[in-house]
Amino acid sequence: MATAHDVARYILRVQGEMTTWKLQKLVYYSQAWHLVWEDEALFDERIEAWANGPVVRSLYDHHRGEYTVSSWPQGKVTNLTTRERSTIDSVLKFYGERTGKWLSDLTHQERPWNEAREGVSPGARSGREITPAMMADYYGSL
């Protein structure tokens with residue numbers, strides 16, 4: 001199985017430099033749509049419902065303090081199957097030209113992030129998980 005690092009590396013290879021905010025959201029949407037289209041997770045790492053949208057903590061730990069990234073030192077593109085790359089390519093085709101802010105705002109309108117943040121004050125820290133089941137249920141209904 002691929003890792004979130006494999007996905008991040010692939011996204012940056014295809015799209016080029018972007019904000020870490022945008023990268024996190026593209027990784028999130030890659031996971032969500034892979035769950036729907038392939039009925040399986042793209043990677044195992046948890047996605048947490050942070051104040052500014054979904055975040056994979058293991059990615060954050062590597063880009064902390066950076067505003068933009070142009071490459072990813074971890075992961076291997078070759079770990080991704082053809083179907084996994086196809087999912088990511090479709091996500092990039094639809095979401096890739098959007099800004100990190102736009103993508104964050106979109107996640108705030110969607111049920112998975114809102115359910116995971118239920119009872120958490122706006123702007124407050126939270127490590128609550130957006131589960132694969134939550135994502136598959138919501139995005140599968142669209």
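The following exchange covers helix packing, salt bridges and a few single residues in a predicted model.

Trainee: What kind of model is this, and what pLDDT do side-chain atom pairs need?
Mentor: Residues are numbered from 1 along each chain as its sequence is written, and side-chain values use heavy atoms, with hydrogens and water left out. This is a predicted model in which local features need pLDDT of at least 70, totals for chains, interfaces and linings use all residues, and side-chain atom pairs count only at pLDDT 80 or more.

Trainee: At what angle do α2 and α5 pack, and what is that arrangement called?
Mentor: Helices (DSSP runs of H or I, at least four residues) and strands (runs of E, at least two) are numbered from the N terminus. Axes are lines fitted to C-alpha atoms, for helices over the stretch in contact, and angles run from 0 to 180 degrees between N-to-C directions. Helix α2 (residues 20-38) and helix α5 (residues 100-108) have axes 8 Å apart and pack at an angle of about 45°. Under 35 degrees counts as roughly parallel, over 145 as roughly antiparallel, 65 to 115 as roughly perpendicular and the rest as oblique, so α2 is oblique to α5.

Trainee: Which residues of α5 meet α2, and how many residues of that contact are charged?
Mentor: Contact means heavy atoms within 4.5 Å. On the α2 side are Trp21, Lys22, Lys25, Leu26, Tyr28 and Tyr29, and they meet Gly100, Lys101, Leu103, Ser104, Leu106 and Thr107 in α5. Ala, Val, Leu, Ile, Met, Phe, Trp, Tyr, Cys and Pro count as nonpolar, Asp, Glu, Lys and Arg as charged, and the others, Gly among them, as polar. By class, the contact of α2 with α5 has six nonpolar and three polar residues, and the charged ones number three.

Trainee: Is the crossing of α2 and α4 left-handed or right-handed?
Mentor: The axes of α2 and α4 come within 9 Å and cross at roughly 125°, and the two helices are therefore oblique to each other. A crossing is left-handed if the near helix is turned anticlockwise from the far one by less than a right angle, and right-handed if clockwise. The crossing of α2 and α5 is left-handed. That of α2 and α4 is right-handed.

Trainee: How many nonpolar residues are in the contact of α2 with α4?
Mentor: From α2 come Leu26, Tyr29, Ser30, Trp33, His34, Trp37 and Glu38, which meet a set in α4 including Arg83, Ile88 and Tyr95. In the contact of α2 with α4, four residues are polar, three are charged and the nonpolar ones number eight.

Trainee: Which residues of α2 make the contact with α1?
Mentor: Helix α1 (residues 4-15) packs against α2 at an angle of about 115°, with axes 10 Å apart, and the crossing is right-handed. On the α1 side are Ala4, Val7, Ala8, Ile11, Leu12 and Gln15; on the α2 side are Lys22, Leu23, Leu26, Val27 and Ser30.

Trainee: How many salt bridges does the structure hold, and which residue pairs with Glu38?
Mentor: A salt bridge is a side-chain nitrogen of Lys or Arg within 4 Å of a carboxyl oxygen of Asp or Glu. The structure holds seven salt bridges. In one of them, the closest N and O atoms are 2.9 Å apart, and the partner of Glu38 is Arg83.

Trainee: Where does Glu40 lie, and what is its N to O distance to Arg83?
Mentor: Arg83 is in helix α4, while Glu40 is in the loop between α2 and β2, 43 residues apart. The side chains of Arg83 and Glu40 meet in a salt bridge, with an N to O distance of 3.4 Å.

Trainee: Which residue forms a salt bridge with Arg111?
Mentor: The pair ties together helix α6 and helix α7 (residues 132-140), at positions 26 residues apart in sequence. With the closest N and O atoms 2.7 Å apart, the partner of Arg111 is Asp137.

Trainee: Is Asp39 buried or exposed?
Mentor: Asp39 lies in the loop between α2 and β2 (48-50), and its phi is near 55°, a positive value in a residue other than glycine. Buried means under 20% relative accessible area, exposed over 50%, partly exposed in between (1.4 Å probe, protein chains only). Because its relative accessible area is 71%, Asp39 is exposed.
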